[in-house]
Amino acid sequence: LKRASGCRPLVCAREQSAGMSASAAVKEEPEEENEVLGDAIDVPPGVILDKLDALLTAGRVLLRYSGGAEDWGVNGKVDGEWCAFFFEAAALCRFEDSESRWAAEVTEDWAESEQARLAEL
């Protein structure tokens with residue numbers, strides 16, 4: 001057997017016996033358009049907390065991460081759709097799915113029940 005350049009003998013032998021050349025063509029996939037969600041929609045904290053609760057209770061493939069001393073987030077799938085929750089203690093909390101982005105400023109003006117619920121989640 002002749003050895004093709006850059007090919008191990010066993011692999012080349014299999015390719016040649018199957019009628020394949022040592023340099024196989026790679027199927028080109030069309031590039032997916034990366035859609036930008038745009039600006040976040042300002043909503044009350046309760047809306048985002050409801051979405052976070054749904055992610056934590058019904059979500060699959062959950063991944064929690066920490067972005068600093070008080071910053072954290074959770075990613076996961078709800079009903080087959082990827083979602084993400086971000087909490088930035090000094091600025092805002094945000095929830096995103098494939099269609100929308102919601103945000104609420106983190107301030108001391110949150111109701112006690114909303115602060116307690118966030119701590120609970």
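**Figure 1. Strands β3 and β4 pair in the antiparallel sense.** In this predicted model, β3 and β4 run antiparallel and are joined by 7 bridges. One of the bridge partnerships places Lys-77 with Trp-82 of β4. The two strands form a hairpin that has 2 residues between them. Within this hairpin, Asp-79 takes a positive phi near 55 degrees.

**Figure 2. Asp-79 lies in the loop between β3 and β4.** The residue is not a glycine, yet its phi has a positive value, near 55 degrees. Asp-79 has a relative accessible area of 79% and is therefore classed as exposed, since the cut-off for this class is over 50%.

**Figure 3. Val-61 in strand β2 has a positive phi.** The phi of Val-61 is about 55 degrees, although the residue is not a glycine. Whereas Asp-79 is found in a loop, Val-61 is found in a strand, β2. Val-61 counts as exposed because its relative accessibility is 58%. Strand β2 covers residues 60-66 and is one of the edge strands of the sheet, pairing on one side only.

**Figure 4. Trp-72 and Phe-85 belong to the aromatic pairs of the structure, of which there are 4.** The rings of Trp-72 and Phe-85 are 5.3 Å apart, centre to centre, with 50 degrees between their planes, and the pair is tilted. This pair links distant parts of the chain: Trp-72 belongs to strand β3 (residues 72-78) and Phe-85 to strand β4 (residues 81-88), 13 residues apart. Both Trp-72 and Phe-85 are buried.

**Figure 5. Trp-72 also forms an aromatic pair with Phe-87.** Here the centres of the rings are 6.0 Å apart and the planes make an angle of 35 degrees, which is again a tilted arrangement. Distant parts of the chain are linked by this pair too, with Trp-72 in β3 and Phe-87 in β4, 15 residues apart. Trp-72 and Phe-87 are both buried. Through ring pairs, Trp-72, Phe-85 and Phe-87 are linked into a cluster.

**Figure 6. Strands β4 and β5 form a hairpin.** Between β4 and β5 there are 3 residues. The strands run antiparallel, and 5 bridges join them. Phe-85, a member of the aromatic cluster, stands opposite Phe-95 in β5.

**Figure 7. Strand β6 pairs with β5 and with β1.** Strand β5 (residues 92-96) and β6 run antiparallel, with 5 bridges joining them. A hairpin of 4 residues connects β5 to β6. Among the bridge partners in β6 are Glu-105, which faces Leu-92, and Ala-104, which is the partner of Cys-93. The pairing of β6 (residues 101-105) with β1 (residues 41-42) is parallel and comprises 2 bridges. In this pairing, Asp-42 has Ala-103 of β6 as its bridge partner.

**Figure 8. The strands are arranged in an open sheet.** The sheet has 6 strands in the order β1-β6-β5-β4-β3-β2, and its pairing is mixed. The edge strands are β1 and β2, each of which pairs on one side only. The pairing of β1 with β6 is parallel, whereas β3 with β4, β4 with β5 and β5 with β6 are antiparallel. In a regular strand, the side chains alternate between the two faces of the sheet.

**Figure 9. Lys-51 and Arg-94 each lie over the face of an aromatic ring.** Lys-51 lies over the face of Trp-102, at 4.0 Å from the ring centre. Arg-94 takes a position over the face of Phe-86, at 4.3 Å from the centre of that ring.

**Figure 10. Helices α2 and α3 pack against each other.** Helix α2 spans residues 45-58 and helix α3 spans residues 112-120. Their axes lie 10 Å apart and make an angle of about 25 degrees. Angles under 35 degrees count as roughly parallel, so α2 and α3 are roughly parallel to each other. The crossing in which α2 passes α3 is left-handed.

Terms used
Residues numbered from 1 in each chain as written. Predicted model: local features only at pLDDT ≥ 70, side-chain atom pairs only at ≥ 80, totals over all residues. Heavy atoms only, no water. Pairing = 2+ DSSP bridges. Phe/Tyr/Trp six-rings, centres within 6.5 Å; stacked < 30°, edge-to-face > 60°. Buried < 20%, exposed > 50% of the residue type's maximum accessible area, 1.4 Å probe, protein only. Lys NZ or Arg CZ within 6 Å of the ring centre and 35° of its normal. Axes fitted to C-alpha atoms, helices over the stretch in contact; angles between N-to-C directions. Parallel < 35°, antiparallel > 145°, perpendicular 65-115°, else oblique. Left-handed = near helix turned anticlockwise from the far one by under 90°.
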